[in-house]
Amino acid sequence: MTNPENESKTVNIDIRKDLFGANENAAALNAEIFKKHGIVAVDIMGSVGTGKTQLIESLCEHLRGKYRILMFAGDLATTIDADRVASHGVDTIQINTGTACHLDARMIRVALQKVNLADYQLVFIENVGNLICPAGYSLGVDKKVVVVSVTEGPYMVRKHPLTIKHADMIIINKIDLVDALEFDVDALEADIREVDAKMPVFRVSSKTGEGIDKFVEALNL
Ligand SMILES: Nc1nc2c(ncn2[C@@H]2O[C@H](COP(=O)(O)OP(=O)(O)OP(=O)(O)O)[C@@H](O)[C@H]2O)c(=O)[nH]1
Ligand SMILES: [Mg+2]
């Protein structure tokens, strides 16, 4: 006979719901912190090597002297990206996630506690290089920007519609390489419009600075 005390019990935990729910709460707190300090925060996502750091470097040069900027660099390891941006005279914090393929709101919260927020007006967050994981994790920012580039081949938008859907703006980067790669940018932009007809799209070369001004204008900076 089974002792009722020993009967196995089942607890159903919706891990996705619990995990994302907790992250949404933390993101809302971050948003409050940014708002309280009058800080504009931008989350920059995209696959490995699309030019997220280069874009932030270009933005820092473009906005030099206009805003006090802080940059968070999300990577599994190293301080390479934080060091690159710091070389433009910008304060940076590297967030090493170890094994996590994305930043989450709690990591941003911890990083925010390490600085005097009164010193900054603009925060750029470079997410971990990945076109899949970061999309589901709100950080509490004002704008979510996804960087795709012409060196990733023609299908990355069609293959990752969810990430595109989560974005507020899309950068098509490395536009200076279009001719050399015989890349069809119009077709890529059409793929983006297929996912979201109203998505703001910017054709940019983070290397030459082409198109950065229009993007900065759209960020209201
Ligand atoms: N030609 C050209 N090269 C670029 C451009 N943007 C970035 N690159 C180059 O592309 C390479 C990757 O750029 P990063 O800025 O490191 O890319 P990332 O997205 O930050 O990469 P991870 O942080 O590793 O995910 C570097 O060699 C950059 O110099 C661009 O607009 N044009
Ligand atoms: Mg980078």
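Biologist: What makes Cys133 and Tyr137 contacts of His102?

Modeller: Contact means heavy atoms within 4.5 Å. By that criterion, and leaving aside neighbours within four places in sequence, His102 is in contact with Thr97, Met107, Asn127, Val128, Cys133, Pro134 and Tyr137. This is a predicted model, in which local features need pLDDT of at least 70 and side-chain atom pairs count only at pLDDT 80 or more, while totals for chains, interfaces and linings use all residues. Residues are numbered from 1 along each chain as its sequence is written, chains are lettered from A and ligands numbered from 1 in the order in which they are written, and side-chain values use heavy atoms, with hydrogens and water left out.

Biologist: Why is His102 called buried?

Modeller: Buried means under 20% relative accessible area, exposed over 50%, and partly exposed in between (1.4 Å probe, protein chains only). His102 has 11% relative accessibility, and therefore counts as buried.

Biologist: Where is His102 found?

Modeller: His102 is in the loop between strand 3 (91-96) and helix 4 (105-112). Helices (H or I, at least four residues) and strands (E, at least two) are DSSP runs, numbered from the N terminus.

Biologist: Why does Ala167 count as buried?

Modeller: Its relative accessibility is 7%, so Ala167 counts as buried. Ala167 belongs to the loop between helix 6 (161-166) and strand 6 (169-173). Apart from neighbours within four places in sequence, Ala167 is in contact with Lys144, Val146 and Met199.

Biologist: What makes Thr53, Asp81 and Glu126 donors of the magnesium ion (ligand 2)?

Modeller: Donors are N, O and S atoms within 2.8 Å of the metal (3.2 Å for Na, K and Ca); water is not among the atoms, so sites may look incomplete. Thr53 (OG1), Asp81 (OD) and Glu126 (OE) coordinate the magnesium ion (ligand 2) at 2.0 to 2.1 Å. Asp81 lies in helix 3 (residues 80-86) and Glu126 in strand 4 (residues 122-126), so this pair ties together parts that are 45 residues apart in sequence. Both Asp81 and Glu126 are buried.

Biologist: How do you know that strand 1 pairs with strand 4?

Modeller: Two strands pair if DSSP finds at least two bridges between them. Strand 1 and strand 4 have 5 bridges, in the parallel sense; one of the bridge partners in strand 4 is Leu122, opposite Val40. Strand 1 also pairs with strand 5 (residues 143-149), in the parallel sense over 4 bridges.

Biologist: Why is strand 1 described as largely enclosed?

Modeller: Of the 6 residues of strand 1 (residues 40-45), 5 are buried, so the strand is largely enclosed by the rest of the structure.
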